[in-house]
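The following note is offered to a colleague who is reading this structure for the first time. The points are numbered so that each may be checked against the view shown.

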Amino acid sequence: LLDRLMKDRATARIARGNYGDDECGSQAVQKGYVDDLLASLAHEDVLFYITKFNELARPLGLFLNPFKTRILTSCNGQSIIPALADHDLDVATSLRSAIELYSQNKARLPGGSPTPVELTDGFVYLGSPVGSASFANNYFQQRVAAVQSEADALTANIPDIQTRLRIFHQCTINKLPFLLGMEVLHNLPLTDDKFNPADWMDWYGPLSQGVDRQVQRFLGALLGMPADSVSAHALQICRISLQDGGLGMVDPGTRAIIDFTLSMSKASHSARFGFRVGKGDRAIQLPPTVTALFDSTRNPDSIILRRFDRLCPHIAHHACPDSIAIPARDEHFRLHTSPKSALDRLKHYCSTLRVRILYETAPPDQLHHLPGLLQSSSSYPMISMSRSNPAHRLKPDLFRLALLRKLLLPIPEFAHAPQCKCGATFDIYGHHALSCPRNSKKGAHNMIRDGTQCFLCP
């Protein structure tokens, strides 16, 4: 009913010769998820829409909470109401009334009056920032700080470092990556001199930098060393997938562009062809207003579409199957490529790329050790397998040594070059300790034997 009422108002505007920005009379667009509702409205419709929504919802036991409802009028930090009043005083008065009645902060003192709230920079919808780039970047900083606080709590309260690493890898750091695509949406430069789209895998925006700092700082605290001592090649090993022998942590530099491009491709396809709730269902077509937003010919000034168009040919090159000719991959990616298949190909390409970069950044005298370190058989037990049973965990000092070895980081205990019983000097990375023929492996053998006995016995 409400949607029909809003369409009638748009039709009335068209009859008056007011076609609006969308050429459809500034037709209202509504989106909802559970109890969150977002509506894009013409200025003159705001008060009518909210009042009518409240009127229709009350008999159903629903109501608008004025302390949570927010009205965004601009994204440049300034209210549009004064300029709108010069153009149309009635519309400006209506919009001001809507803000005063339905978008409020609670009174600071008992008996006081609520304060009207007009948003002029942005808001957060379903956890993602909508608005200006400065608003989005401020929100990213807040989320990074919140995750840093949780990581510090892990360090302070969980003494077992293997458990701490698993929680950080599976939970804590994963509270940020879903925002990486939004970072690109708000910040990708539009000129090659500031960012070359051919180098999309080297994206390094404000949120991506924050994620990398989080990982570096956490690993430093975990291993008992300054964060700056966690070298670039150690971070590369963290980003390499588990299948390729790394630790499989989030790789913000490659994931940000991938998330943005795949999301935009899926959204553009749905805007053009509609979407299906279930397989075989009839496609549900979106309103023409929404469809036009994703069409570069009808919306040529869209910065977001320009960013997508810049990246799409370079992403499509690796997202499409090899059977597709290179010149045809851009169109195939937009119209036919499955997002899941594209993601799998891109993840494999990026992990392989990280391995290649690792060989370029690791210490030259250690390159021959990398094939042995990049073994998936040593990656899964370290970070992916369940360790809820304490008997299945390595002792913290042994796990710390194993992680230092995995990341090809110097072992502090060998900093003073102690002598082995064979007469050789222990190297800083611990390779000699595990390869010396004079070192007895009996202790390690017995530990493995006794440990496996605990969980293999009935």
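1. Aspartate 3 is a convenient starting place, as it belongs to helix H1, residues 2-15. Helices here are DSSP runs of H or I with at least four residues, strands are runs of E with at least two, and both are numbered from the N terminus. With a relative accessible area of 34%, aspartate 3 is partly exposed. The terms are used as follows: buried is under 20% relative accessible area, exposed is over 50%, and partly exposed lies in between, with a 1.4 Å probe and protein chains only. Between the C-alpha atoms of aspartate 3 and leucine 404 there are 60 Å, the two being 401 residues apart along the chain.

2. On the basis of the note: the model is predicted, so that local features need pLDDT of at least 70 and side-chain atom pairs count only at pLDDT 80 or more, while totals for chains, interfaces and linings use all residues. Residues are numbered from 1 along each chain as its sequence is written, and side-chain values use heavy atoms, with hydrogens and water left out.

3. As to overall form, the protein chain contains 19 helices and eight strands. Its radius of gyration is 28 Å, whereas a compact globule of 458 residues would have one near 23 Å; the radius is taken over C-alpha atoms, and the globule rule is 2.2 Å times the number of residues to the power 0.38. The C-alpha trace spans about 95 × 65 × 50 Å along its principal axes.

4. Of the 458 residues in the protein chain, 41% count as buried. The exposed area of the chain is about 25000 Å², of which carbon and sulfur atoms supply 56%; accessible areas come from the Shrake-Rupley method with a 1.4 Å probe, and for residues only the protein chains shown count as cover. Among contacts between residues at least 6 apart in sequence, 62% join residues at least 24 apart, a contact being heavy atoms within 4.5 Å.

5. The first hairpin to examine is that of strand S1 (residues 29-33) and strand S2 (residues 36-40), which run antiparallel and are joined by five bridges. Strands are said to pair if DSSP finds at least two bridges between them. Tyrosine 33 has aspartate 36 in S2 as its bridge partner. Two residues lie between the strands, and valine 34 in the turn has a positive phi of about 55 degrees.

6. A further hairpin is made by S7 and S8, with two residues between the strands. S7 (residues 122-125) and S8 (residues 128-131) pair in the antiparallel sense over four bridges. Valine 124 has proline 129 in S8 as its bridge partner, and tyrosine 125 stands opposite serine 128. In the loop between S7 and S8 lies leucine 126, which has a positive phi of about 55 degrees although it is not a glycine. Leucine 126 is partly exposed, its relative accessible area being 45%.

7. Why is helix H7 described as largely enclosed by the rest of the structure? The description is given because eight of the eight residues of H7 (residues 180-187) are buried. Among them are Leu180, Gly181, Met182 and Glu183. The cover over the buried residues of H7 includes S8, helix H5 (133-157), helix H8 (206-223), helix H10 (252-273) and helix H12 (303-319).

8. Histidine 186 has its place in helix H7 and counts as buried at 9% relative accessibility. Neighbours within four places in sequence being left aside, histidine 186 is in contact with Pro129, Gly131, Ser132, Ala133, Ala136 and Arg307. Of these, Pro129 was met above as the bridge partner of valine 124.

9. Is leucine 408 buried or exposed? Leucine 408 is buried, with a relative accessible area of 1%, although it lies in the loop between helix H17 (396-406) and helix H18 (431-435). Phi of leucine 408 is positive, near 55 degrees, in a residue other than glycine. Apart from neighbours within four places in sequence, leucine 408 is in contact with residues including His233, Ile237, Ala362, Pro363, Gln366 and Tyr429. The C-alpha atoms of leucine 408 and histidine 233 are separated by 7.9 Å, although the two residues are 175 apart along the chain.
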